[in-house]
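Good morning, colleagues. I would like to take you through one model, beginning with its strands and ending with its interior.

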Amino acid sequence: MITADNITSHEFIGLNTEIVNSTNPQVIGLNGRIINETKSMFTINTQNGTRSIA
């Protein structure tokens, strides 16, 4: 089971996500399913296409 205590040791691909806080106000509220992850980037599949978020 994924919890807040162990989430960093799990795979993020396939999880639903929403950005609730960011230094970039344009991405706040962006939500969708994570389709790829790298060391410093998430690719999120949204209703309006895919977005890459650093």
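**Strands, core and pocket**

Strand β3 (residues 42–46) and strand β4 (residues 49–53) run antiparallel and are joined by five bridges. Please keep in mind throughout that this is a predicted model. Within this pairing, Thr46 has Gly49 of β4 as its bridge partner, and Ile44 is bridged to Arg51 of β4. The connection from β3 to β4 is a hairpin of two residues.

Let me now place that pair in the chain. The chain contains four strands and zero helices, and its pattern along the sequence reads β-β-β-β. Strand β2 (residues 31–37) and strand β1 (residues 16–18) pair in the antiparallel sense, over three bridges. There, Glu18 has Asn31 of β2 as its bridge partner. Strand β2 is also joined to β3, again antiparallel, by four bridges. In that pairing, Glu37 is bridged to Phe42 of β3, and a hairpin of four residues leads from β2 to β3.

As for overall dimensions, the C-alpha atoms fill a box of roughly 30 × 20 × 20 Å along the principal axes. The chain has 54 residues, of which 19% are buried. Among contacts with a separation of 6 or more, 13% come from residues 24 or more positions apart.

I turn to the interior. Which residues make up the largest nonpolar core? There are seven: Phe12, Ile19, Val27, Leu30, Ile34, Ile44 and Ile53. As general background, nonpolar side chains in soluble globular proteins tend to be buried together.

Ile44 deserves a closer look, as it appears both in the core and in the β3–β4 pairing just described. Leaving aside residues up to four places away in sequence, what does Ile44 touch? Its contacts include the core residues Ile19, Leu30, Ile34 and Ile53. Ile44 also touches Thr17, Asn31, Gly32 and Arg33, as well as Gly49, Thr50 and Arg51.

The last item is the largest pocket, which holds about 180 Å³ of space. Its lining consists of Ile2, Ile7, Phe12, Leu15, Thr17, Ile19, Ile34, Phe42, Ile44 and Ile53. How many of these lining residues are nonpolar, polar and charged? Nine are nonpolar, one is polar and none is charged. Several names recur here: Phe12, Ile19, Ile34, Ile44 and Ile53 belong to the largest nonpolar core and also line the largest pocket. Phe42, the bridge partner of Glu37, is another of the lining residues.

To summarise, the predicted model presents four strands in the order β-β-β-β, a nonpolar core of seven residues, and a largest pocket of about 180 Å³ with no charged residue in its lining.

Conventions. Residues are numbered from 1 along each chain as its sequence is written. This is a predicted model: local features need pLDDT of at least 70, side-chain atom pairs count only at pLDDT 80 or more; totals for chains, interfaces and linings use all residues. Side-chain values use heavy atoms; hydrogens and water are left out. A nonpolar core is a set of buried Ala, Val, Leu, Ile, Met, Phe, Trp, Tyr and Cys residues joined through side-chain atoms within 4.5 Å. Buried means under 20% relative accessible area, exposed over 50%, partly exposed in between (1.4 Å probe, protein chains only). Contact means heavy atoms within 4.5 Å. On a 1 Å grid over the protein atoms alone, a cavity is a set of points where a 1.4 Å probe fits but cannot get out, and a pocket is an open set with protein on both sides within 12 Å along at least five of seven lines; lining residues have an atom within 4 Å of a point. Grid points are joined across faces, edges and corners, and a volume is the space filled by probe spheres set on the points. Ala, Val, Leu, Ile, Met, Phe, Trp, Tyr, Cys and Pro count as nonpolar, Asp, Glu, Lys and Arg as charged, and the others, Gly among them, as polar. Two strands pair if DSSP finds at least two bridges between them.
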